[in-house]
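Reader: Pick one small stretch of the backbone here and look at it closely for me. Then work outward from there, and tell me how the rest hangs together.

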Number of protein chains: 2
Amino acid sequence: MKLLKERILKEGKYIGNGILKVDGFVNHQVDPYLMNEAGKEFAKLFMNFSASKILTAEISGIAPAVSAGLHMGIPVVFARKHKPITMPDQVLLTLSPSHTKGRTVELIVSPEYLGPKERVLIIDDFLATGKTIEGLIRLARIAGAEVVGVGVLIEKTFEEGRDHLEELGMHVEALARIKSMSEDTITFERP
Amino acid sequence: MKLLKERILKEGKYIGNGILKVDGFVNHQVDPYLMNEAGKEFAKLFMNFSASKILTAEISGIAPAVSAGLHMGIPVVFARKHKPITMPDQVLLTLSPSHTKGRTVELIVSPEYLGPKERVLIIDDFLATGKTIEGLIRLARIAGAEVVGVGVLIEKTFEEGRDHLEELGMHVEALARIKSMSEDTITFERP
């Protein structure tokens, strides 16, 4: 997606340890227009997958997931990292190591909103090692749902998360695929 | 906003302690269509306030804020509750007591994205006691920005948060105003 790649080149910043800072348009400040365009792109890419629900992880997955949900006409569930008091006692929970946080986080979904008949599309901001998305796939599968695909804004291909997801039978789409990063240069994979 | 009120009556559930569960369309599962309509409504209500940026708090404020930002053509900043490693060491931080969490949470914004020239519109999911929104107002004011208004999806008028916000000079708009709740009945304020 041209618009996203241009924005990454213009404003993305490599801050070391394999981490790309995109706080100006994804992770802290959000560009709603860019998210809406990304949502349209996801809707186009997954048009023929008959998804009935989108699953994402709080926090930064919410904006692209809700935009995709709008253009696909389906609801979005975001996995919580802490169980709120409004959630029933019996939940779907999995543990996921967080690269950027350096610890394990919980991913929690209420069985009220994820069940056996759903065809789940997973949307997130980043695909790096794929650990968070693997956690979301486990949650959907525990719920008895079928995961029909994975869409992310930005993939860091050098972290090879896609390989793990494809081993799980996933169809993966990324709107920008980063091959390498240094302080001076961000290089995308050839389309 | 008729659509939101109807949805609250249909799916909202009073679970005691003044807490309205709207996990099916706002706080855990999100209805992107409803959020988009809410965004249009906020854009209409704050059309003449010349806002340059929307400020919200993670997590549940993100969807309505990004929808409003799309229809107003302005970026959204969501205050973080934990400082991510991508954020600079010097941040804007305030403490806010959380009613539903029973503890104090941090609200953190990077000065990179909130500065003296901004005209800030605050958008959130709920207005109850107003403590979170007061925290966001403090953050914006520490940054030197001007807060031009506050918009929320759901106001619980019996918690009187609006009074505190109006004392701070705020113009407040709520798309659904709940006067009282019991296990059987949710009553809205007259328009």
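**A loop and its surroundings**

Author: Let's go for the loop between strand E1 (13–14) and strand E2 (20–21) of chain B, which is where Asn17(B) is found. Bear in mind from the outset that this is a predicted model. What catches the eye at Asn17(B) is the backbone: phi is near 55°, a positive value in a residue other than glycine. As a rule, most residues other than glycine have a negative phi. How covered is the side of the chain where this happens, buried or exposed? Asn17(B) has a relative accessibility of 69%, and since anything over 50% is called exposed, Asn17(B) counts as exposed.

Chain A offers another backbone of this kind, at Ser50(A). Ser50(A) has a positive phi of about 50°, and it is not a glycine either. You'll find Ser50(A) in the loop between helix H3 (32–45) and E4 of chain A.

Carry on past E4 and you run into an odd peptide bond. Glu58(A) and Ile59(A) are joined by a cis peptide bond, with omega at about 10°. Ile59(A) belongs to the loop between strand E4 (53–57) and H4 of chain A. Over in chain B, the bond from Glu58(B) to Ile59(B) is cis, with omega near 15°, and Ile59(B) lies in the loop between strand E4 (53–57) and H4 of chain B. For background, most peptide bonds are trans.

Beyond that loop comes helix H4. Which part of chain A's H4 is covered up? The buried residues are Ile62(A), Ala63(A), Pro64(A), Ala65(A), Val66(A), Ser67(A), Ala68(A) and Gly69(A). That makes 8 of the 11 residues in the helix (residues 62–72), so H4 of chain A is largely enclosed by the rest of the structure. After H4(A) comes Gly73(A), with a positive phi near 70°.

H4 in chain B (residues 62–72) is mostly covered, with 8 of its 11 residues buried. Among them are Ile62(B), Pro64(B), Val66(B) and Gly69(B). Gly73(B) follows H4(B), and its phi is positive, near 70°.

Now to strand E8, where Asp124(B) makes a good stop. Asp124(B) has its place in E8 (residues 119–127) of chain B. Here the picture is the opposite of Asn17(B), which is exposed: Asp124(B) has 5% relative accessibility and therefore counts as buried. What surrounds it? Leaving out residues up to four places away in sequence, Asp124(B) touches Thr56(B), Ala57(B), Gly61(B), Thr132(B), Ile133(B), Gly151(B), Val152(B) and Leu153(B). As for Ser60(B), it is 64 residues from Asp124(B) along the chain, yet their C-alpha atoms are separated by 7.4 Å.

E8 of chain A (residues 119–127) is home to Ile122(A), which has a relative accessible area of 0% and is therefore buried. With its neighbours within four places in sequence set aside, the contacts of Ile122(A) include Leu55(A), Ile133(A), Leu136(A), Ile137(A) and Val147(A). Gly149(A), Val150(A) and Gly151(A) are among its contacts too. Gly12(A) is another matter: it sits 110 residues from Ile122(A) along the chain, and the C-alpha atoms are 24 Å apart.

Stepping back to chain A as a whole, its secondary structure comes to 6 helices and 11 strands. Of its 191 residues, 61% are buried. Take the contacts in chain A between residues at least 6 apart in sequence, and 61% of them join residues at least 24 apart. A compact globule of 191 residues would have a radius of gyration near 16 Å, and chain A, with 16 Å, agrees with that. Along the principal axes, its C-alpha atoms fill a box of roughly 50 × 35 × 30 Å.

On the outside, chain A exposes about 8200 Å², with carbon and sulfur atoms supplying 48% of that. Chain A carries 24 positive and 25 negative charges, and the mean positions of the two sets are 2 Å apart.

Last, the pairing. A turn of 180° with a shift of 0.0 Å along the axis lays chain A on chain B, at an RMSD of 0.0 Å. The two copies are thus related as by a two-fold rotation axis. As for how they meet, 100% of the interface residues of chain A are also interface residues in chain B, so the copies meet through the same surface.

Note on methods
Residues numbered from 1 in each chain as written. Chains lettered and ligands numbered in written order. Predicted model: local features only at pLDDT ≥ 70, side-chain atom pairs only at ≥ 80, totals over all residues. Heavy atoms only, no water. Least-squares fit on C-alpha atoms with pLDDT ≥ 70 in both. Contact = heavy atoms within 4.5 Å. Helix = DSSP H or I, 4+ residues; strand = E, 2+ residues; numbered from the N terminus. Rg over C-alpha atoms; globule rule 2.2 N^0.38 Å. Buried < 20%, exposed > 50% of the residue type's maximum accessible area, 1.4 Å probe, protein only. Areas by Shrake-Rupley, 256 points an atom, 1.4 Å probe, with all protein chains shown as cover. Lys, Arg positive; Asp, Glu negative; His and termini not counted. Charge placed at Lys NZ, Arg CZ, Asp CG, Glu CD.
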